[in-house]
Amino acid sequence: MLLDTASLYFRAFYGVPDSITAPDGTPVNAVRGLLDMIARLVPDFEATHLVACWDDDWRPAWRVELIPSYKAHRVERAVPGGVDVEETPPGLIVQIPRIREVLGLLGIAIVGAPEHEADDVIGTLATGADLPVDVVTGDRDLFQLVDDEASVRVVYTARGMSRLEVLTDASVVGKYGVLPQQYVDFSVMRGDSSDGLPGVAGVGEKTAASLLQQFVDLDGIRAAAADASVPMSASVRAKFAAAADYLDVAPTVVEVVRDLDLGEFDSQLRPVTGARREALEALATEWNLGGSVPRVLAALDALPPAG
């Protein structure tokens with residue numbers, strides 16, 4: 001199981017009341033919410049290995065260089081030569097170190113990569129896995145990783161934890177009319193305002209899907225648009241001609257990286273024992289984490305013996 005960790009802790013922050021605080025007044029709603037997600041996901045999906053994939057760089061310079069508008073509306077403060085500061089509620093910022101501490105005590109691997117997003121870590125781990133993979137995210141961009149043959153699914157959280165969608169090849173086709181391996185080109189054409197991707201003006205989901213069904217991929221569509229002998233409306237040809245500069249670079253921005261060197265780490269889930277368990281139980285009281293710590297400990301206690 002690969003967690004798009006920021007996607008989940010943002011969802012937890014907004015889904016759990018911020019009136020839940022530690023005795024010193026520090027919010028702990030995102031910590032609680034994330035722990036409860038893990039406590040539910042691990043047994044429900046029978047995860048034996050888990051990685052909390054991390055945004056070491058949520059807006060990599062190489063993506064911004066290709067499309068300057070990429071996530072630009074989320075920048076709170078630009079950091080020349082470094083990682084821009086993302087607009088994040090102060091009540092969540094103070095919880096992120098606590099989230100990392102709790103994950104560490106649970107024995108959950110936190111894995112990121114310099115100059116890359118969690119999506120790229122997920123793409124690399126999903127592509128190289130020797131086990132079936134469930135990617136847990138609220139980000140549609142990761143639909144490109146769905147692959148029945150490789151046993152890669154996406155557990156989509158956008159509708160809430162009580163209405164999780166498990167996406168396979170068939171469900172991606174059912175939702176969008178395209179195969180998962182066509183999803184990058186589909187997303188490029190459709191655009192995504194939440195990521196600052198303009199898309200091809202005048203081309204929405206239905207048109208993008210129809211074009212992919214007819215011409216297979218973006219290269220095929222662009223070749224057809226440039227070939228007067230291929231049946232295609234003049235307006236569609238004009239739209240693709242006008243978007244040529246964007247289309248030259250957007251696939252590289254949207255496609256997740258699948259070949260990062262992530263080094264060695266242990267993703268095996270195990271019951272938490274000894275000093276780490278005592279520390280977690282102490283934090284449950286110190287931070288007012290309620291029943292979330294016992295629930296996640298119970299989920300890990302119930303794991304089958306490692307083989």
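**Around Thr137 and its sheet**

Biologist: Let's start with Thr137: is this residue buried or exposed?

Modeller: Keep in mind that this is a predicted model, where local features need pLDDT of at least 70, side-chain atom pairs count only at pLDDT 80 or more, and totals for chains, interfaces and linings use all residues. Residues are numbered from 1 along each chain as its sequence is written, and side-chain values use heavy atoms, without hydrogens and water. Buried means under 20% relative accessible area, exposed means over 50%, and partly exposed lies in between (1.4 Å probe, protein chains only). Thr137 has a relative accessible area of 0%, so the residue counts as buried.

Biologist: Which backbone nitrogen lies 2.9 Å from a polar atom of the Thr137 side chain?

Modeller: Thr137 lies in strand S6, where strands (E, at least two residues) and helices (H or I, at least four) are DSSP runs numbered from the N terminus. A polar contact is a pair of N or O atoms within 3.5 Å; within protein, one must be able to donate a hydrogen and the other to accept it, and residues adjacent in sequence count only if both atoms are side-chain atoms. At 2.9 Å from the Thr137 side chain, the nitrogen in question belongs to Asp139.

Biologist: And which residues does Thr137 touch, not counting residues up to four places away in sequence?

Modeller: Contact here means heavy atoms within 4.5 Å. The list for Thr137 is Asp4, Ser7, Leu142, Val154, Val155, Tyr156 and Thr157.

Biologist: In what order do the six strands of the open sheet come?

Modeller: Two strands pair if DSSP finds at least two bridges between them. The pairing in this open sheet is mixed. Strands S5 (109-111) and S8 (165-167) each have a single partner strand, so they stand at the edges with one side lacking a neighbour in the sheet. Across the sheet, the order is S5-S2-S1-S6-S7-S8.

Biologist: By how many degrees are neighbouring strands of this sheet turned against each other on average?

Modeller: Axes are lines fitted to C-alpha atoms, for helices over the stretch in contact, and angles run from 0 to 180 degrees between N-to-C directions. With direction ignored, the average turn between neighbouring strands is 25 degrees.

Biologist: Which residue in S6 stands opposite Leu3?

Modeller: Strand S1 (residues 2-4) and strand S6 (residues 133-137) run parallel and are joined by two bridges. Opposite Leu3 stands Val136.

Biologist: What angle does the direction of helix H6 make with that of S1?

Modeller: Two helices are worth placing here. Helix H1 (residues 5-15) lies across S1, S2 (51-53) and S6, at about 55 degrees to S1. Helix H6 (residues 118-128) packs on the sheet and touches S1, S2, S5, S6 and S7 (152-156). With the direction of S1, that of H6 makes about 165 degrees.

Biologist: Which residue of S8 is the bridge partner of Val155?

Modeller: S7 pairs with S6 in the parallel sense over five bridges, and Asp134 stands opposite Arg153 there. S7 is mostly covered, with four of its five residues buried. S7 and S8 pair in the antiparallel sense over three bridges. The partner of Val155 in S8 is Val166.

Biologist: Away from the sheet, what is the phi of Val216?

Modeller: Most residues other than glycine have a negative phi. Val216 is found in the loop between H9 (205-215) and H10 (218-225), and its relative accessible area of 54% makes it exposed. Although Val216 is not a glycine, its phi is positive, about 80 degrees.

Biologist: How far from Ala250 is Gly199 in space, C-alpha to C-alpha?

Modeller: Gly199 sits in the loop between H8 (183-190) and H9, and is buried at 10% relative accessible area. Its contacts beyond four places in sequence are Val188, Met189, Arg190, Gly191 and Tyr246. Gly199 and Ala250 are 51 residues apart in sequence, and their distance in space is 8.6 Å.

Biologist: Finally, what is the radius of gyration of the chain?

Modeller: The chain has 14 helices and eight strands, and 51% of its 307 residues are buried. The globule rule is 2.2 Å times the number of residues to the power 0.38, and the radius is taken over C-alpha atoms. That rule gives 19 Å for 307 residues, and the chain's own value is close to this, so the chain is as compact as a globular protein of that length. The radius of gyration is 21 Å.
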